[in-house]
Every structure is written in C-alpha cells, then in structure tokens.
Amino acid sequence: MRTSGILAAVTSLPGEYGIGTLGDGAFSFVDFLSSCGQTYWQILPVNPPGSGNSPYQAHSAFAGNPFLIDPLRLQKDGLLLESEREKLLLPNTGRVDYSLFNEERLSVLKKAAERVDEKSESFLRFESENEFWLSDYCIYMALKEKNKMKPLCNRADRNTLPNGETELIHKKLQYLFFNQWKKLKDYANKNGIKIIGDIPIYVSHDSADFFAHRNLFLTDEWGNPSRLAGCPPDSFSKTGQLWGNPIYDWDKMEDSGYWWWKQRFFIAQKLFDVVRIDHFRGFYEYYSVPAGSKNAVNGEWRKGPGMKLVEIIRSCFPSLGIIAEDLGFLTKEAREFFKESGFPGMKVLQFAFDEKNSEYLPHNFEKNCVVYTGTHDNPTVLEWICTAEKKKLSFAMDYLRADSIKRLCDSFIESALASCADTAIIPVQDWLKKGKAARMNTPSTVKNNWEFRIQEKELTKRLSEKILYYTLLFSRQEEKI
C-alpha cells in the first residue's frame, strides 16, 4: 500500500501558549491530516529537551516534555483555574521563544500536578506500569532543581538527597503528559492517522538514563564518560562531528539481555505506531571518540550489537513499525546490515543532485524506503533552492522537469509522491513553501533551532485540497476502514 504523511513537530503546532501542545491545536492538525488523505503524522522526539532546547539531547529517553501538556485541558479536568491558565497565554509569533518557559510557567503546571490525587487508581496504575524509568527520572529532575538545573556530573551531585515532594510532582507531571498523549493518539488512530515517533540512538550525558544506569555505558573510574559519540571527518567537516553523547557498553547491554532497550521500545510502542531510529547505523558499527577530545579526528569505528538487537526488536515488538535512518556514507558491510534488517531506509531528495547517479534520485529507489523532500536537519526546499550551487540547481530543474524556479518547490513534492517509495513524508514547511526562517535545525549549531511554529491561518482548506489532490493523483491514500 502506497502511503504518505506530513512531518511536523508537536512544538510547531498552532496554539495560544507559546508552543504547540497536546490540546486543540494537535487535534485540529489530526483533522487536517485526515482531510488531506494522509496516513502518517511524523513528529520529532517528545522527550524533555536539554542543551540547546534539542529533543535529541533530552533529559530522559522515556519521559515526556511537560511543556507539551495543554493548559486548557487541565482547566477542563478541574486541575487549573481559568485565572491560572490565562497566565500562560502567549501570542503565536511563528517562533517558539524558549526563554519565556521560565519557572513561572513550570510553577503553574506544578499547581495542576499538585491537584492530582496520588491515591487514585489511575495514578497508581501509571506509577506501577512505568516504575522501571519513572522514579529514576523524577529523582534526577528533583536533584537538578536542587542544583539550579545544572548537569549532575559528579559524585557529590549524585549523592545529594532529592526533595521527595518535588519528586512526586514530577511523577504527576508525567502522568498528565501520558494521559493527554493517549487521548491524542487514540483520536489520531480513530481518524485513520498513524503517528511516527523518533528515537535518537544515543542519550544525553545530562540525562536520567546516564545518571541511573552508568553501568551500561563506557565510563572512567569516576563514573564520567570515557568515550563519546560522533562521526568522522568528511567533505563537510575536516574535524568531524563530536556529538558528546556517552557510548553504550554493548557487552554489558548484551549480558543484561538488552533490558534497557526492551524497555525503551516498550514505551515507544505505547506512544507511537511507527518509530524512526535515528543513526540506525550505530547498531552495526559506531564512531567512538576518546573523552576530552576537542574534535572527532581521533575517533575509531567499533562494532555494535548488530542483528542481535534487531532480532530482539522484531520478536518482542512485532506490531511496531520501524524506519531505519541510513543517511550518509555507508560501507558495503553496513549496507548489507541494513538490507538484512529488512527495515525501510530513508531517501532525501535534497541529497539527490550532488552527483549524476545518486542513490537519492527517484529512479534508483527500491520500494522498501521512505522518501522525504528534506528532514529536520535540512534546509527547507525553498531555502535549498535559494542557496544551491548553480550546477545542482540546474540538474534539479532538468530532472524534476520544472519549467521555472517558482515551480521547483512543487516539483520536489510531486517527485517524492510520484516515486516508487512505499511511503512519502513531506515536512509541513515545504507544503507551506517556507524559507530559511522556518528551518527546524542546523546541525553543529545551538542557537535558533527547534523554534519554527505554524500560524493558525496557514492550514487552509485550499492547502488541504491541494495535498489531497496530489495524494490521490499518486495513489497514496490508504483505504480507511
């Protein structure tokens, strides 16, 4: 079945609280997707963002971002007063201003959490079902608050006793997040929309995961990371990329029966219908850099768990769809690993015009893939058009049969939808023909990322009809049951 979907972060949705939430804006977006004949809504990670407001450097691989909790729904549930909710109202400027999410906003959400009955059957059930990560995360966040949100990097921090009341409040915030998320997912599924989530392969150094399970990572005698994740030097960066994430001790992971990974996919299966595994290649081989390095030049490739972990994912979570991120240079052995996994990989049209017979050109696709015009790490198509080298731009216009620059953005989308790829995902910015200001993330930078928001007036009936037209034209509407 040929299908399609739209990529839009929850934080990017319209709304009146300065950031997209799990409230009316999200439900309306599901309605929009359904009216467009879409099958999928792909999102970015919904975990609590860390350094640089990045959801890929989250404080937990399991917890939800409290700032996505919708205040109006809290009011309707009797957990907030109208006057308390109105304190959180902010105009939608088209950007998320993270500087506005200060202690005052969190304090209002905490008031709602305080009113949750911790002795209720539903709260106790949530607490029991999530015990394997919930207490670790809440202790961690309580300690961070006690340390003015600084990273808990040394033993003195780890040995500080947390505030029990603060820990309970964070449990209740997670309870509220997961309750709202379930209602949104149920509504999406009921309306024929499946949610594609996103799992970053690594966790942040500043996370409850590293804090609570250091035995599952490569560390020195003081419990600090001894190896860091990154990627080697290439034509884009002479010194490579040093991501800074701690590296897993895969031998200990295997000795534990990959317990931590099973729990991670267990939560993913509850939240999503499909997951995209970021940097899936790291399961086969990963680039490891000595801690203390200033760049990634002195790193080395090491073997990962390979098909051992893939088989566990398959056998334990047979109903969970998987997309394997396979972008970038791949060795012959890595390609064989991807093929053996059986998971669909990714094709990004913006990469197609770097060379004459690129694997990202649609005529080289196999059906078992997901095609994108661009990802959250790419410029928008309109920005790409405005900044591409003349040679690439000319090639793109010839290949996509665009009769003008003005038509080229539509030609990118049409080519993705017309391709043989089983699934086509178009970032909402490209449907809206947004430029540079709407770019979601620029890799290796920490400022002005993850801020794009959709304006309420932009998701029009005219746009919905246009998307539906192309979806039907290229036979990508899944029959609704």
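**Exercise 1. Find the partner of strand 4 and place the pair in its sheet.**

Step 1. Strand 4 (residues 227-231) pairs with strand 7 in the antiparallel sense, over three bridges. This is a predicted model, so please read each value here as computed from the prediction.

Step 2. To see the register, look for Leu228, which stands opposite Val289 in strand 7.

Step 3. Now widen the view: an open sheet of four strands runs in the order 5-4-7-8, with antiparallel pairing. Its edges are strand 5 (241-246) and strand 8 (300-303), each pairing on one side only. On average, neighbouring strands of this sheet are turned by 50 degrees against each other, direction ignored.

**Exercise 2. Work out the strand order of the eight-stranded sheet and explain what happens at its edges.**

Step 1. Trace the open sheet of eight strands, and you get the order 9-6-3-2-1-12-11-10, with parallel pairing.

Step 2. Why is one side of strand 9 and of strand 10 left without a neighbour in the sheet? Strand 9 (321-324) and strand 10 (345-348) are at the edges and each has a single partner strand, so one side of each has no neighbour there.

Step 3. Check the twist as well: neighbouring strands in this sheet are turned by 25 degrees against each other on average, ignoring direction.

**Exercise 3. Describe the surroundings of strand 1, from its partners to its side chains.**

Step 1. Begin with strand 12 (residues 423-427), which pairs with strand 1 (residues 3-7) in the parallel sense over five bridges. Two positions fix the register: Thr3 stands opposite Thr423 in strand 12, and Gly5 stands opposite Ile425 in strand 12.

Step 2. Then turn to strand 2 (residues 40-42), which makes three bridges with strand 1, again in the parallel sense. Here Gly5 stands opposite Tyr40. Gly5 is thus a handy landmark, with Ile425 of strand 12 and Tyr40 of strand 2 opposite.

Step 3. Is strand 1 mostly covered or mostly exposed? Mostly covered, as five of its five residues are buried. Thr3, Gly5 and Leu7 point one way from the strand, while Ser4 and Ile6 point the other way, and all are buried.

**Exercise 4. Locate two residues with unusual backbone angles and decide whether each is buried or exposed.**

Step 1. Recall the background: most residues other than glycine have a negative phi.

Step 2. Tyr258 is not a glycine, yet its phi is positive, at about 55 degrees. You will find Tyr258 in the loop between helix 10 (250-255) and helix 11 (259-271). Its relative accessibility is 4%, and the cut-off for buried is under 20%, so Tyr258 counts as buried.

Step 3. His279, also a residue other than glycine, has a positive phi near 55 degrees. His279 belongs to the loop between strand 6 (274-278) and strand 7 (285-290). With 15% relative accessibility, His279 counts as buried.

**Exercise 5. Inspect helix 8 and the residue that follows it, then visit Ser464 in helix 18.**

Step 1. Helix 8 (residues 164-190) has 27 residues. From its first C-alpha to its last it reaches 39 Å, close to the 39 Å expected at 1.5 Å a residue.

Step 2. After helix 8 comes Gly192, with a positive phi near 80 degrees.

Step 3. Ser464 sits in helix 18 (residues 461-473). Its relative accessible area is 8%, so Ser464 is buried. Which residues does Ser464 contact, leaving aside its neighbours within four places in sequence? They are Phe32, Ser35 and Cys36.

**Exercise 6. Sum up the whole chain and judge how compact it is.**

Step 1. Count the elements: the protein chain has 18 helices and twelve strands.

Step 2. Compare the radius of gyration, 22 Å, with the 23 Å that the globule rule gives for 481 residues. The two are close, so the chain is as compact as a globular protein of that length. Along its principal axes, the C-alpha trace spans about 65 × 55 × 40 Å.

Step 3. Look inside: 57% of the 481 residues count as buried. Among contacts with a separation of 6 or more, 73% come from residues 24 or more positions apart.

Step 4. Finish on the surface, where the protein chain exposes about 21,300 Å² and carbon and sulfur atoms supply 51% of it.

How values were computed: Residues numbered from 1 in each chain as written. Predicted model: local features only at pLDDT ≥ 70, side-chain atom pairs only at ≥ 80, totals over all residues. Heavy atoms only, no water. Expected span 1.5 Å × (residues − 1). Pairing = 2+ DSSP bridges. Axes fitted to C-alpha atoms, helices over the stretch in contact; angles between N-to-C directions. Rg over C-alpha atoms; globule rule 2.2 N^0.38 Å. Buried < 20%, exposed > 50% of the residue type's maximum accessible area, 1.4 Å probe, protein only. Contact = heavy atoms within 4.5 Å. Areas by Shrake-Rupley, 256 points an atom, 1.4 Å probe, with all protein chains shown as cover.
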